[in-house]
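Please open the structure in your viewer and keep the sequence panel beside it. The tour below goes from one selection to the next and says what is to be found at each stop.

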Amino acid sequence: MAGRAARRCCLGWDFSTQQVKVVAVDAELSVFYEDSVHFDRDLVEFGTQGGVHVHKDGLTVTSPVLMWVQALDIILEKMKALGFDFSQVLALSGAGQQHGSVYWKTGAGQVLTSLSPDLPLCEQLQACFSIGDCPVWMDSSTAAQCRQLEAAVGGAQALSRLTGSRAYERFTGNQIAKIYQQNPEAYSHTERISLVSSFAASLFLGSYSPVDYSDGSGMNLLQIQDKVWSQACLGACAPHLEEKLGRPVPSCSVVGAISSYFVQRYGFPPGCKVVAFTGDNPASLAGMRLEEGDIAVSLGTSDTLFLWLQEPTPALEGHIFCNPVDPQHYMALLCFKNGSLMREKIRDESASGSWSEFSKALQSTEMGNGGNLGFYFDVMEITPEITGRHRFSAENHEVSAFPRDVEIRALIEGQFMAKKIHAEALGYRVMPKTKILATGGASHNRDILQVYEALLRRYAMLEQRILSQTQGPPE
(Lines give C-alpha, C1' and ligand atoms only; values in the text may rest on other atoms or scores of the structure.)
Protein backbone atom coordinates (compact mmCIF):
# COMPACT_ATOMS: atom_id res chain seq x y z
CA MET A 1 0.00 0.00 0.00
CA ALA A 2 2.74 2.44 0.92
CA GLY A 3 4.49 2.04 -2.42
CA ARG A 4 1.29 2.44 -4.42
CA ALA A 5 0.19 5.49 -2.44
CA ALA A 6 3.52 7.32 -2.76
CA ARG A 7 2.28 9.60 -5.51
CA ARG A 8 1.19 13.20 -5.51
CA CYS A 9 -2.55 13.36 -5.15
CA CYS A 10 -5.65 15.15 -3.98
CA LEU A 11 -8.24 13.82 -1.56
CA GLY A 12 -11.96 14.13 -2.13
CA TRP A 13 -14.35 13.73 0.79
CA ASP A 14 -18.08 13.05 0.79
CA PHE A 15 -20.10 13.63 3.96
CA SER A 16 -23.38 12.16 2.75
CA THR A 17 -26.54 11.04 4.49
CA GLN A 18 -25.45 7.45 5.12
CA GLN A 19 -21.66 7.52 5.08
CA VAL A 20 -18.40 9.42 4.96
CA LYS A 21 -16.27 8.47 1.97
CA VAL A 22 -12.79 9.39 0.74
CA VAL A 23 -11.10 8.99 -2.64
CA ALA A 24 -7.48 9.72 -3.58
CA VAL A 25 -6.96 10.99 -7.13
CA ASP A 26 -3.55 11.29 -8.79
CA ALA A 27 -2.32 13.74 -11.45
CA GLU A 28 -3.81 11.55 -14.22
CA LEU A 29 -7.22 11.73 -12.48
CA SER A 30 -7.01 8.05 -11.58
CA VAL A 31 -8.62 6.98 -8.31
CA PHE A 32 -6.07 4.80 -6.53
CA TYR A 33 -7.55 4.67 -3.03
CA GLU A 34 -11.06 4.82 -1.62
CA ASP A 35 -12.75 3.90 1.62
CA SER A 36 -15.91 4.71 3.54
CA VAL A 37 -17.58 4.46 6.93
CA HIS A 38 -21.24 3.51 6.82
CA PHE A 39 -23.07 5.02 9.77
CA ASP A 40 -25.70 2.32 10.41
CA ARG A 41 -23.22 -0.52 10.02
CA ASP A 42 -19.96 0.89 11.40
CA LEU A 43 -21.21 3.29 14.08
CA VAL A 44 -24.16 1.41 15.55
CA GLU A 45 -23.77 3.19 18.89
CA PHE A 46 -25.41 6.29 17.37
CA GLY A 47 -28.59 4.32 16.61
CA THR A 48 -29.29 5.77 13.17
CA GLN A 49 -31.43 4.23 10.44
CA GLY A 50 -30.41 5.36 6.98
CA GLY A 51 -27.92 7.66 8.71
CA VAL A 52 -30.60 9.66 10.50
CA HIS A 53 -32.92 9.83 13.50
CA VAL A 54 -36.59 10.17 12.59
CA HIS A 55 -38.40 11.73 15.56
CA LYS A 56 -41.80 10.78 16.95
CA ASP A 57 -43.63 13.50 15.02
CA GLY A 58 -42.55 11.87 11.77
CA LEU A 59 -41.45 15.28 10.49
CA THR A 60 -38.27 16.06 12.40
CA VAL A 61 -35.19 14.29 11.02
CA THR A 62 -31.70 14.80 12.45
CA SER A 63 -28.21 13.29 12.50
CA PRO A 64 -25.65 13.26 15.35
CA VAL A 65 -22.83 15.64 14.54
CA LEU A 66 -20.28 13.61 16.53
CA MET A 67 -21.08 10.61 14.33
CA TRP A 68 -19.69 12.51 11.36
CA VAL A 69 -16.58 13.46 13.34
CA GLN A 70 -15.97 9.89 14.48
CA ALA A 71 -16.40 8.58 10.93
CA LEU A 72 -13.61 10.92 9.82
CA ASP A 73 -11.39 9.68 12.64
CA ILE A 74 -11.99 6.05 11.64
CA ILE A 75 -11.14 6.59 7.98
CA LEU A 76 -7.96 8.55 8.70
CA GLU A 77 -6.75 6.00 11.25
CA LYS A 78 -7.35 3.18 8.77
CA MET A 79 -5.45 5.02 6.04
CA LYS A 80 -2.58 5.58 8.45
CA ALA A 81 -2.53 1.91 9.46
CA LEU A 82 -2.42 0.87 5.79
CA GLY A 83 0.58 3.10 5.19
CA PHE A 84 -1.09 5.79 3.10
CA ASP A 85 1.50 8.49 2.36
CA PHE A 86 -0.26 11.67 3.48
CA SER A 87 2.86 13.71 2.70
CA GLN A 88 1.96 13.49 -0.99
CA VAL A 89 -1.46 15.13 -0.60
CA LEU A 90 -1.36 18.51 -2.33
CA ALA A 91 -4.94 19.57 -1.66
CA LEU A 92 -8.30 18.30 -0.48
CA SER A 93 -11.91 19.26 -0.90
CA GLY A 94 -15.28 17.59 -0.78
CA ALA A 95 -19.04 17.67 -0.61
CA GLY A 96 -21.66 17.44 2.09
CA GLN A 97 -25.32 16.52 2.05
CA GLN A 98 -27.05 19.73 1.07
CA HIS A 99 -29.31 21.56 3.57
CA GLY A 100 -27.84 19.97 6.71
CA SER A 101 -26.52 22.40 9.35
CA VAL A 102 -24.13 22.31 12.32
CA TYR A 103 -24.19 24.57 15.41
CA TRP A 104 -20.82 25.31 17.00
CA LYS A 105 -20.99 26.22 20.69
CA THR A 106 -19.37 29.35 22.06
CA GLY A 107 -15.66 28.57 22.56
CA ALA A 108 -15.55 25.83 19.89
CA GLY A 109 -13.43 27.99 17.60
CA GLN A 110 -10.71 28.13 20.23
CA VAL A 111 -10.83 24.35 20.62
CA LEU A 112 -10.46 23.90 16.85
CA THR A 113 -7.30 26.01 16.77
CA SER A 114 -5.62 24.16 19.66
CA LEU A 115 -6.27 20.47 18.94
CA SER A 116 -3.80 17.98 20.40
CA PRO A 117 -2.32 15.58 17.80
CA ASP A 118 -2.26 12.87 20.47
CA LEU A 119 -6.06 12.50 20.58
CA PRO A 120 -8.76 11.76 17.98
CA LEU A 121 -11.00 14.59 16.86
CA CYS A 122 -14.17 13.11 18.32
CA GLU A 123 -12.73 13.00 21.82
CA GLN A 124 -11.69 16.66 21.69
CA LEU A 125 -14.87 18.04 20.11
CA GLN A 126 -17.37 16.37 22.48
CA ALA A 127 -18.51 19.64 24.04
CA CYS A 128 -18.23 21.87 20.96
CA PHE A 129 -21.81 21.78 19.65
CA SER A 130 -24.84 23.59 21.00
CA ILE A 131 -27.11 21.22 19.04
CA GLY A 132 -26.08 17.57 19.25
CA ASP A 133 -28.49 16.23 16.64
CA CYS A 134 -28.42 18.41 13.54
CA PRO A 135 -31.32 19.02 11.13
CA VAL A 136 -30.75 17.44 7.71
CA TRP A 137 -32.35 17.57 4.28
CA MET A 138 -35.03 15.00 5.14
CA ASP A 139 -36.53 17.25 7.84
CA SER A 140 -39.98 18.66 7.06
CA SER A 141 -40.91 20.23 10.40
CA THR A 142 -40.56 23.93 9.52
CA ALA A 143 -43.77 24.70 7.59
CA ALA A 144 -44.62 27.61 9.92
CA GLN A 145 -41.17 29.15 9.53
CA CYS A 146 -41.39 28.84 5.73
CA ARG A 147 -44.63 30.81 5.65
CA GLN A 148 -43.15 33.42 7.98
CA LEU A 149 -40.11 33.87 5.74
CA GLU A 150 -42.16 34.21 2.56
CA ALA A 151 -44.46 36.73 4.21
CA ALA A 152 -41.48 38.79 5.38
CA VAL A 153 -40.13 39.33 1.86
CA GLY A 154 -43.38 39.74 -0.06
CA GLY A 155 -44.39 36.22 -0.98
CA ALA A 156 -43.05 32.98 -2.42
CA GLN A 157 -42.20 34.38 -5.85
CA ALA A 158 -40.34 37.33 -4.32
CA LEU A 159 -38.29 34.95 -2.17
CA SER A 160 -37.54 32.80 -5.22
CA ARG A 161 -36.32 35.82 -7.20
CA LEU A 162 -34.11 36.80 -4.29
CA THR A 163 -32.68 33.45 -3.16
CA GLY A 164 -33.35 31.11 -6.09
CA SER A 165 -36.10 29.09 -4.38
CA ARG A 166 -39.37 29.60 -2.58
CA ALA A 167 -39.27 28.62 1.10
CA TYR A 168 -38.60 24.92 1.61
CA GLU A 169 -38.82 23.13 4.93
CA ARG A 170 -35.38 21.54 4.61
CA PHE A 171 -33.63 24.82 3.72
CA THR A 172 -31.27 26.06 6.40
CA GLY A 173 -32.75 29.48 7.07
CA ASN A 174 -36.04 27.94 8.10
CA GLN A 175 -34.23 25.36 10.24
CA ILE A 176 -32.35 28.14 12.01
CA ALA A 177 -35.58 30.03 12.59
CA LYS A 178 -37.14 26.96 14.20
CA ILE A 179 -34.15 26.48 16.52
CA TYR A 180 -34.21 30.16 17.51
CA GLN A 181 -37.94 30.03 18.24
CA GLN A 182 -38.03 26.68 20.05
CA ASN A 183 -34.58 26.56 21.65
CA PRO A 184 -33.43 30.18 22.09
CA GLU A 185 -30.85 29.23 24.73
CA ALA A 186 -29.04 26.88 22.36
CA TYR A 187 -29.14 29.55 19.65
CA SER A 188 -27.71 32.19 21.98
CA HIS A 189 -24.84 29.82 22.87
CA THR A 190 -24.02 29.24 19.18
CA GLU A 191 -21.04 31.20 17.88
CA ARG A 192 -21.00 29.76 14.34
CA ILE A 193 -23.44 27.96 12.07
CA SER A 194 -21.99 25.76 9.34
CA LEU A 195 -23.49 23.72 6.56
CA VAL A 196 -22.38 20.09 6.51
CA SER A 197 -19.96 21.03 3.74
CA SER A 198 -18.34 23.96 5.54
CA PHE A 199 -18.38 21.97 8.81
CA ALA A 200 -16.28 19.24 7.16
CA ALA A 201 -13.88 21.82 5.73
CA SER A 202 -13.60 23.41 9.20
CA LEU A 203 -12.37 20.13 10.68
CA PHE A 204 -9.46 20.08 8.22
CA LEU A 205 -8.74 23.82 8.56
CA GLY A 206 -8.71 23.91 12.33
CA SER A 207 -10.85 27.04 12.09
CA TYR A 208 -14.26 27.96 10.74
CA SER A 209 -14.51 27.56 7.00
CA PRO A 210 -16.82 29.93 5.12
CA VAL A 211 -19.97 28.73 3.39
CA ASP A 212 -19.51 28.56 -0.38
CA TYR A 213 -21.88 30.29 -2.80
CA SER A 214 -23.33 27.09 -4.27
CA ASP A 215 -24.22 25.28 -1.08
CA GLY A 216 -25.24 28.60 0.45
CA SER A 217 -27.84 28.92 -2.30
CA GLY A 218 -29.81 26.14 -0.62
CA MET A 219 -30.51 28.13 2.53
CA ASN A 220 -33.21 30.65 1.48
CA LEU A 221 -30.76 33.25 2.80
CA LEU A 222 -28.30 34.09 0.00
CA GLN A 223 -29.04 36.69 -2.67
CA ILE A 224 -27.96 34.64 -5.67
CA GLN A 225 -27.38 37.67 -7.93
CA ASP A 226 -25.23 39.65 -5.49
CA LYS A 227 -23.69 36.67 -3.62
CA VAL A 228 -24.36 38.25 -0.22
CA TRP A 229 -26.69 37.34 2.63
CA SER A 230 -30.12 38.90 2.31
CA GLN A 231 -30.69 41.21 5.24
CA ALA A 232 -34.45 40.77 4.94
CA CYS A 233 -34.15 36.99 5.11
CA LEU A 234 -31.65 37.04 7.95
CA GLY A 235 -33.87 39.35 9.97
CA ALA A 236 -36.90 37.13 9.40
CA CYS A 237 -35.07 34.06 10.72
CA ALA A 238 -33.03 35.01 13.79
CA PRO A 239 -31.03 37.88 15.35
CA HIS A 240 -27.25 38.27 14.89
CA LEU A 241 -27.38 35.64 12.15
CA GLU A 242 -24.94 37.25 9.76
CA GLU A 243 -22.07 37.11 12.26
CA LYS A 244 -22.87 33.45 12.99
CA LEU A 245 -22.72 32.56 9.27
CA GLY A 246 -19.63 34.49 8.19
CA ARG A 247 -19.05 35.87 4.70
CA PRO A 248 -19.74 33.41 1.82
CA VAL A 249 -17.05 32.67 -0.78
CA PRO A 250 -16.84 31.27 -4.33
CA SER A 251 -16.99 27.48 -4.44
CA CYS A 252 -13.50 27.16 -5.94
CA SER A 253 -11.85 29.24 -3.19
CA VAL A 254 -8.79 27.98 -1.36
CA VAL A 255 -9.94 28.66 2.19
CA GLY A 256 -6.58 27.95 3.83
CA ALA A 257 -3.88 25.41 4.61
CA ILE A 258 -4.52 22.23 6.51
CA SER A 259 -4.48 22.38 10.30
CA SER A 260 -1.26 21.56 12.14
CA TYR A 261 -3.25 18.79 13.86
CA PHE A 262 -3.31 16.78 10.63
CA VAL A 263 0.30 17.63 9.86
CA GLN A 264 1.48 16.25 13.20
CA ARG A 265 -0.93 13.31 13.61
CA TYR A 266 -1.02 11.98 10.04
CA GLY A 267 1.89 13.56 8.18
CA PHE A 268 0.07 15.88 5.81
CA PRO A 269 2.41 18.51 4.32
CA PRO A 270 1.96 21.97 5.91
CA GLY A 271 1.24 23.42 2.47
CA CYS A 272 -1.68 21.10 1.75
CA LYS A 273 -4.51 23.34 0.52
CA VAL A 274 -8.11 23.09 1.69
CA VAL A 275 -10.50 24.09 -1.09
CA ALA A 276 -14.02 25.11 -0.07
CA PHE A 277 -16.35 22.14 0.27
CA THR A 278 -19.75 22.42 -1.43
CA GLY A 279 -23.12 20.67 -1.43
CA ASP A 280 -23.69 17.27 -2.99
CA ASN A 281 -25.94 18.66 -5.73
CA PRO A 282 -23.50 21.37 -6.92
CA ALA A 283 -20.71 18.78 -6.67
CA SER A 284 -22.67 16.55 -9.06
CA LEU A 285 -22.78 19.32 -11.67
CA ALA A 286 -19.04 19.94 -11.28
CA GLY A 287 -18.17 16.23 -11.28
CA MET A 288 -20.12 15.56 -14.47
CA ARG A 289 -18.27 18.45 -16.16
CA LEU A 290 -21.39 20.14 -17.47
CA GLU A 291 -21.16 23.15 -19.76
CA GLU A 292 -23.71 25.79 -20.70
CA GLY A 293 -26.70 24.18 -22.41
CA ASP A 294 -25.93 20.67 -21.15
CA ILE A 295 -28.37 18.54 -19.18
CA ALA A 296 -27.48 16.00 -16.52
CA VAL A 297 -30.35 13.73 -15.57
CA SER A 298 -30.33 11.11 -12.85
CA LEU A 299 -32.94 8.51 -13.82
CA GLY A 300 -33.50 6.90 -10.45
CA THR A 301 -36.41 6.33 -8.09
CA SER A 302 -36.93 10.04 -8.58
CA ASP A 303 -35.62 11.79 -11.67
CA THR A 304 -33.32 14.73 -10.92
CA LEU A 305 -32.30 17.28 -13.52
CA PHE A 306 -29.17 19.45 -13.32
CA LEU A 307 -28.73 22.38 -15.71
CA TRP A 308 -26.05 24.99 -16.39
CA LEU A 309 -27.66 28.43 -16.82
CA GLN A 310 -26.31 31.86 -17.71
CA GLU A 311 -29.45 33.93 -17.13
CA PRO A 312 -31.82 32.17 -14.74
CA THR A 313 -35.46 33.02 -14.13
CA PRO A 314 -36.28 31.70 -10.63
CA ALA A 315 -39.75 30.21 -10.34
CA LEU A 316 -41.99 28.66 -7.71
CA GLU A 317 -40.95 25.19 -8.85
CA GLY A 318 -37.34 24.04 -8.94
CA HIS A 319 -34.19 25.63 -7.54
CA ILE A 320 -31.55 28.04 -8.82
CA PHE A 321 -28.12 27.75 -7.20
CA CYS A 322 -24.91 29.63 -7.83
CA ASN A 323 -22.73 27.66 -10.21
CA PRO A 324 -19.91 25.80 -8.38
CA VAL A 325 -17.55 26.03 -11.38
CA ASP A 326 -18.18 29.56 -12.67
CA PRO A 327 -19.44 32.04 -10.04
CA GLN A 328 -20.80 34.30 -12.81
CA HIS A 329 -23.20 31.57 -13.94
CA TYR A 330 -25.88 29.46 -12.25
CA MET A 331 -27.21 25.95 -12.01
CA ALA A 332 -30.77 24.72 -11.82
CA LEU A 333 -32.10 21.64 -10.07
CA LEU A 334 -35.47 20.02 -10.71
CA CYS A 335 -36.76 16.90 -9.00
CA PHE A 336 -39.53 14.68 -10.36
CA LYS A 337 -40.85 12.08 -7.93
CA ASN A 338 -42.52 9.86 -10.56
CA GLY A 339 -39.33 8.46 -12.05
CA SER A 340 -38.25 4.85 -12.23
CA LEU A 341 -41.12 3.56 -10.11
CA MET A 342 -43.54 4.97 -12.71
CA ARG A 343 -41.54 3.43 -15.54
CA GLU A 344 -41.58 0.08 -13.75
CA LYS A 345 -45.37 0.26 -13.30
CA ILE A 346 -45.97 0.90 -16.99
CA ARG A 347 -43.49 -1.87 -17.83
CA ASP A 348 -45.49 -4.28 -15.66
CA GLU A 349 -48.83 -3.18 -17.07
CA SER A 350 -47.94 -2.82 -20.76
CA ALA A 351 -44.86 -5.00 -21.31
CA SER A 352 -45.56 -8.06 -19.12
CA GLY A 353 -42.92 -6.89 -16.66
CA SER A 354 -40.19 -7.20 -19.31
CA TRP A 355 -37.69 -4.45 -20.08
CA SER A 356 -37.01 -6.24 -23.37
CA GLU A 357 -40.66 -5.89 -24.38
CA PHE A 358 -40.62 -2.30 -23.12
CA SER A 359 -37.70 -1.54 -25.45
CA LYS A 360 -39.40 -3.25 -28.39
CA ALA A 361 -42.40 -0.97 -27.90
CA LEU A 362 -40.14 2.09 -28.11
CA GLN A 363 -38.50 0.70 -31.25
CA SER A 364 -41.83 -0.01 -32.95
CA THR A 365 -43.35 3.45 -32.41
CA GLU A 366 -42.34 6.69 -34.09
CA MET A 367 -41.05 9.85 -32.49
CA GLY A 368 -44.02 12.04 -31.60
CA ASN A 369 -46.15 8.95 -30.98
CA GLY A 370 -48.64 9.91 -33.67
CA GLY A 371 -49.67 12.93 -31.62
CA ASN A 372 -50.59 10.87 -28.56
CA LEU A 373 -49.24 12.30 -25.33
CA GLY A 374 -49.36 11.18 -21.71
CA PHE A 375 -48.35 12.45 -18.28
CA TYR A 376 -48.22 9.91 -15.48
CA PHE A 377 -48.21 10.76 -11.75
CA ASP A 378 -49.19 7.81 -9.57
CA VAL A 379 -47.83 9.63 -6.50
CA MET A 380 -48.14 13.36 -5.82
CA GLU A 381 -45.53 14.99 -8.03
CA ILE A 382 -43.07 17.63 -6.82
CA THR A 383 -42.78 19.48 -10.13
CA PRO A 384 -45.65 20.32 -10.50
CA GLU A 385 -47.89 19.34 -7.59
CA ILE A 386 -50.29 17.03 -9.42
CA THR A 387 -51.45 13.43 -9.36
CA GLY A 388 -53.17 11.05 -11.77
CA ARG A 389 -52.64 9.75 -15.30
CA HIS A 390 -53.50 12.19 -18.07
CA ARG A 391 -53.63 10.93 -21.68
CA PHE A 392 -54.37 13.06 -24.74
CA SER A 393 -55.09 11.83 -28.26
CA ALA A 394 -53.82 13.37 -31.48
CA GLU A 395 -57.10 15.33 -31.58
CA ASN A 396 -56.25 16.80 -28.14
CA HIS A 397 -59.03 14.89 -26.40
CA GLU A 398 -58.37 13.36 -23.01
CA VAL A 399 -58.73 9.58 -23.22
CA SER A 400 -58.77 6.85 -20.60
CA ALA A 401 -56.30 4.43 -22.21
CA PHE A 402 -53.75 3.92 -24.99
CA PRO A 403 -52.68 0.76 -26.82
CA ARG A 404 -49.74 -0.85 -25.01
CA ASP A 405 -46.95 0.31 -27.34
CA VAL A 406 -48.41 3.82 -27.49
CA GLU A 407 -48.68 3.89 -23.70
CA ILE A 408 -44.99 3.09 -23.26
CA ARG A 409 -43.78 5.77 -25.68
CA ALA A 410 -46.28 8.26 -24.25
CA LEU A 411 -44.74 7.74 -20.81
CA ILE A 412 -41.12 8.24 -21.92
CA GLU A 413 -41.84 11.19 -24.21
CA GLY A 414 -44.12 12.76 -21.62
CA GLN A 415 -41.43 12.50 -18.93
CA PHE A 416 -38.93 14.17 -21.27
CA MET A 417 -41.33 16.95 -22.21
CA ALA A 418 -42.16 17.67 -18.57
CA LYS A 419 -38.47 18.05 -17.82
CA LYS A 420 -37.95 20.37 -20.79
CA ILE A 421 -40.99 22.54 -19.99
CA HIS A 422 -39.99 23.11 -16.37
CA ALA A 423 -36.33 23.60 -17.29
CA GLU A 424 -37.29 26.32 -19.77
CA ALA A 425 -39.37 28.01 -17.08
CA LEU A 426 -36.11 28.45 -15.15
CA GLY A 427 -34.30 30.00 -18.13
CA TYR A 428 -32.91 26.92 -19.90
CA ARG A 429 -32.62 26.78 -23.69
CA VAL A 430 -31.59 23.87 -25.90
CA MET A 431 -28.41 24.69 -27.86
CA PRO A 432 -26.83 22.99 -30.90
CA LYS A 433 -23.98 21.71 -28.71
CA THR A 434 -26.30 20.50 -25.92
CA LYS A 435 -25.44 17.10 -24.46
CA ILE A 436 -27.48 14.86 -22.16
CA LEU A 437 -25.48 13.10 -19.47
CA ALA A 438 -27.58 10.34 -17.93
CA THR A 439 -26.95 8.39 -14.74
CA GLY A 440 -29.08 6.15 -12.54
CA GLY A 441 -30.75 2.81 -13.17
CA ALA A 442 -32.79 3.74 -16.26
CA SER A 443 -29.68 5.17 -17.96
CA HIS A 444 -28.72 1.56 -18.77
CA ASN A 445 -31.72 1.30 -21.12
CA ARG A 446 -30.36 2.43 -24.49
CA ASP A 447 -33.81 2.72 -26.05
CA ILE A 448 -34.95 5.23 -23.41
CA LEU A 449 -31.78 7.25 -24.01
CA GLN A 450 -32.31 7.14 -27.78
CA VAL A 451 -35.81 8.59 -27.34
CA TYR A 452 -34.32 11.40 -25.24
CA GLU A 453 -31.57 12.05 -27.79
CA ALA A 454 -33.96 12.11 -30.77
CA LEU A 455 -36.31 14.53 -29.02
CA LEU A 456 -33.42 16.74 -27.98
CA ARG A 457 -32.11 16.95 -31.55
CA ARG A 458 -35.58 17.83 -32.85
CA TYR A 459 -35.99 20.58 -30.27
CA ALA A 460 -32.52 21.93 -31.05
CA MET A 461 -33.40 22.13 -34.75
CA LEU A 462 -36.68 23.89 -33.98
CA GLU A 463 -34.93 26.36 -31.67
CA GLN A 464 -32.41 27.20 -34.41
CA ARG A 465 -35.16 27.58 -37.02
CA ILE A 466 -37.15 29.92 -34.78
CA LEU A 467 -34.02 31.90 -33.94
CA SER A 468 -33.06 32.34 -37.60
CA GLN A 469 -36.59 33.49 -38.48
CA THR A 470 -36.74 36.03 -35.68
CA GLN A 471 -33.31 37.43 -36.49
CA GLY A 472 -34.10 37.82 -40.21
CA PRO A 473 -31.59 37.89 -43.08
CA PRO A 474 -28.26 39.64 -42.56
CA GLU A 475 -28.07 43.24 -43.76
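**Stop one: a strand and its partners**

Begin by selecting strand S15 and strand S16 (residues 303-309), which run antiparallel and are joined by five bridges. What you have in view is a predicted model, and this should be kept in mind at every stop. To see one of the pairings in detail, pick out Ser-298, whose bridge partner in S16 is Thr-304. If you then follow the chain from one strand to the other, you will pass through three residues, since S15 and S16 form a hairpin with that many residues between them.

Keep S15 selected and add strand S22 (residues 436-439), which runs parallel to S15 and is joined to it by four bridges. Here the pair to highlight is Ala-296 and Leu-437, the latter being the bridge partner in S22. Is S15, which spans residues 295-299, mostly covered or mostly open? With a surface displayed, look for a strand that is mostly covered, as four of its five residues are buried.

**Stop two: a buried arginine**

Next, select Arg-391, which you will find in strand S20 (residues 388-392). Arg-391 counts as buried because its relative accessibility is 9%, below the cut-off of 20%. Show the side chains of Arg-391 and Glu-407 together, and you can trace a polar contact of 2.9 Å that joins them. Once neighbours within four places in sequence are left aside, the residues in contact with Arg-391 include Leu-373, Gly-374, Tyr-376, His-397 and Phe-402, and Glu-407 is listed among them as well.

**Stop three: the cysteines**

Now colour the cysteines, and ask how many disulfides a search of the whole structure finds. The search finds zero. Cys-252, for example, is in no disulfide, and the nearest cysteine sulfur, which belongs to Cys-322, is 12 Å away. Then move to Cys-272, where the closest cysteine sulfur is that of Cys-10; the two are 8.0 Å apart and therefore too far from each other for a bond. Cys-272 is also buried, with a relative accessible area of 0%.

**Last stop: an annotated region**

Finally, select residues 132-287, which an unreviewed UniProt entry annotates as "domain: Carbohydrate kinase FGGY N-terminal". Colouring this stretch by secondary structure will show a chain that is 49% helix and 14% strand, and a distance drawn between the end C-alpha atoms of residues 132-287 comes to 32 Å.

Notes: Residues numbered from 1 in each chain as written. Predicted model: local features only at pLDDT ≥ 70, side-chain atom pairs only at ≥ 80, totals over all residues. Heavy atoms only, no water. Buried < 20%, exposed > 50% of the residue type's maximum accessible area, 1.4 Å probe, protein only. Helix = DSSP H or I, 4+ residues; strand = E, 2+ residues; numbered from the N terminus. Pairing = 2+ DSSP bridges. UniProt positions renumbered as here; feature names shortened; annotations may be inferred. Polar contact = N/O pair within 3.5 Å; in protein donor to acceptor, adjacent residues only side chain to side chain. Contact = heavy atoms within 4.5 Å. Disulfide = S-S within 2.5 Å.
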